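Work through the exercises below with the model open. Each one gives a task, then a solution in steps.

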Amino acid sequence: MKSVELVGVDGSVWPLTSVEHNGVFLKAEPTSLSAESDGEPVSGQLDLVVADHLPFGEELRPIRETSRLWRNAWSVRKWSKLVVKDDEGLGPYFLDVRLSTHIDDFGEVDPDGFVEFSQAVRGKTSSWSRTVRHEGDVVRVANTGDVDSWPRVRWDKAGVLSMPSGAAINLPAVESPRTIWLDPRESCVVKDDAGNIDREIWLALRGSVFPEVLPADDEYREFGLPNGAVLFYEIGESPW
């Protein structure tokens, strides 16, 4: 059994498959959200229902107010997040999405207090993803997903980070945990846990750090981590 929720651009959370919904729920699972071709972002349509009551009769806010709050959770520029959880132990899966076009006005409310509607969305990436983490002095990892991935390493003690390519990086001592993103799209940036760039350490490591890709080929690769460090990466695969 899978559950789906939306985390809006305004921080609001909308459980879309729960009987305890917030006035909007999915008419069907969003299995059609997929990339039309390799490298293209995920796109598709969400089929939804807005209601003024819960399944057991408890009244919710008026649909007009729900419409306003729902629209505040979306943007054509900023990213909301769809999160899928299941009871099989994998995931959660996530997909950053934004509107392909502005949301149309809702239609007429039927006598039962429902309005069905659809909205087109576009993903930030070419697949859904789930995050994998590894700890230990030496870790062997394999990208079993559908797309290449670039790992990141969070550390809080000085030590050597050894790459599958043979490169070695001397990670410096830090006052609080830092994460280095081995991703060319992030320019191998260093951030704190709040997502703020640590420009001093980032610049200090420049020239000794290079992107390290995990190809989607199921083959194992070995990293050596400093004591207490954690390696993360995303596996791109569909939750359906």
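**Exercise 1.** Find the salt-bridge partner of E237 and give the closest N to O distance. Then place both residues in the chain and classify their burial.

*Solution.*
- Step 1. The model is predicted, and side-chain atom pairs count only at pLDDT 80 or more.
- Step 2. The partner of E237 is R130, with the closest N and O atoms 2.5 Å apart.
- Step 3. E237 sits in the segment after β16 (230-236), while R130 belongs to strand β8 (residues 129-135). The two are 107 residues apart, so this pair links distant parts of the chain.
- Step 4. Buried means under 20% relative accessible area. E237 has 16%, so E237 is buried. R130 has 14% and is buried too.

**Exercise 2.** Which residue forms a salt bridge with D193, and which parts of the chain does the pair link?

*Solution.*
- Step 1. R154 is the partner, and the closest N and O atoms lie 2.6 Å apart.
- Step 2. D193 is in the loop between β14 (190-192) and α2 (199-205). R154 is in strand β10 (residues 152-155).
- Step 3. The separation is 39 residues, and the pair links distant parts of the chain.
- Step 4. R154 has 28% relative accessibility and counts as partly exposed.

**Exercise 3.** Stay in the loop between β14 and α2, and describe the surroundings of D198.

*Solution.*
- Step 1. D198 is located in that loop.
- Step 2. Is D198 buried or exposed? Its relative accessibility is 14%, so D198 counts as buried.
- Step 3. Set aside neighbours within four places in sequence. The contacts of D198 are then R178, V190 and K191.

**Exercise 4.** Map the strand pairing of β10 with β13 and with β16.

*Solution.*
- Step 1. β10 and strand β13 (residues 178-181) run antiparallel and are joined by four bridges.
- Step 2. Within that pairing, R154 has T179 of β13 as its bridge partner. R154 also forms the salt bridge with D193.
- Step 3. β10 and β16 are antiparallel as well, joined by three bridges.
- Step 4. On this side, R152 stands opposite F232 of β16.

**Exercise 5.** Why does the salt bridge of K81 with D96 tie together parts that are apart in sequence?

*Solution.*
- Step 1. Start with the geometry: the closest N and O atoms of K81 and D96 are 2.7 Å apart.
- Step 2. K81 lies in strand β5 (residues 80-85) and D96 in strand β6 (residues 93-99), so the bridge connects parts 15 residues apart in sequence.
- Step 3. K81 has 29% relative accessibility and counts as partly exposed.
- Step 4. For the overall count, the structure holds 11 salt bridges.

**Exercise 6.** Summarise the whole protein: secondary structure, extent, burial, contacts, surface and charge.

*Solution.*
- Step 1. Count the elements: two helices and 16 strands.
- Step 2. Along the principal axes, the C-alpha atoms fill a box of roughly 65 × 35 × 30 Å.
- Step 3. Of the 240 residues, 40% are buried.
- Step 4. Take contacts between residues at least 6 apart in sequence. Of these, 67% join residues at least 24 apart.
- Step 5. The exposed area is about 13,000 Å², with 46% of it supplied by carbon and sulfur atoms.
- Step 6. There are 25 positive and 41 negative charges, and their mean positions are 6 Å apart.

Methods
Residues numbered from 1 in each chain as written. Predicted model: local features only at pLDDT ≥ 70, side-chain atom pairs only at ≥ 80, totals over all residues. Heavy atoms only, no water. Salt bridge = Lys/Arg side-chain N within 4 Å of Asp/Glu carboxyl O. Buried < 20%, exposed > 50% of the residue type's maximum accessible area, 1.4 Å probe, protein only. Contact = heavy atoms within 4.5 Å. Pairing = 2+ DSSP bridges. Areas by Shrake-Rupley, 256 points an atom, 1.4 Å probe, with all protein chains shown as cover. Lys, Arg positive; Asp, Glu negative; His and termini not counted. Charge placed at Lys NZ, Arg CZ, Asp CG, Glu CD.
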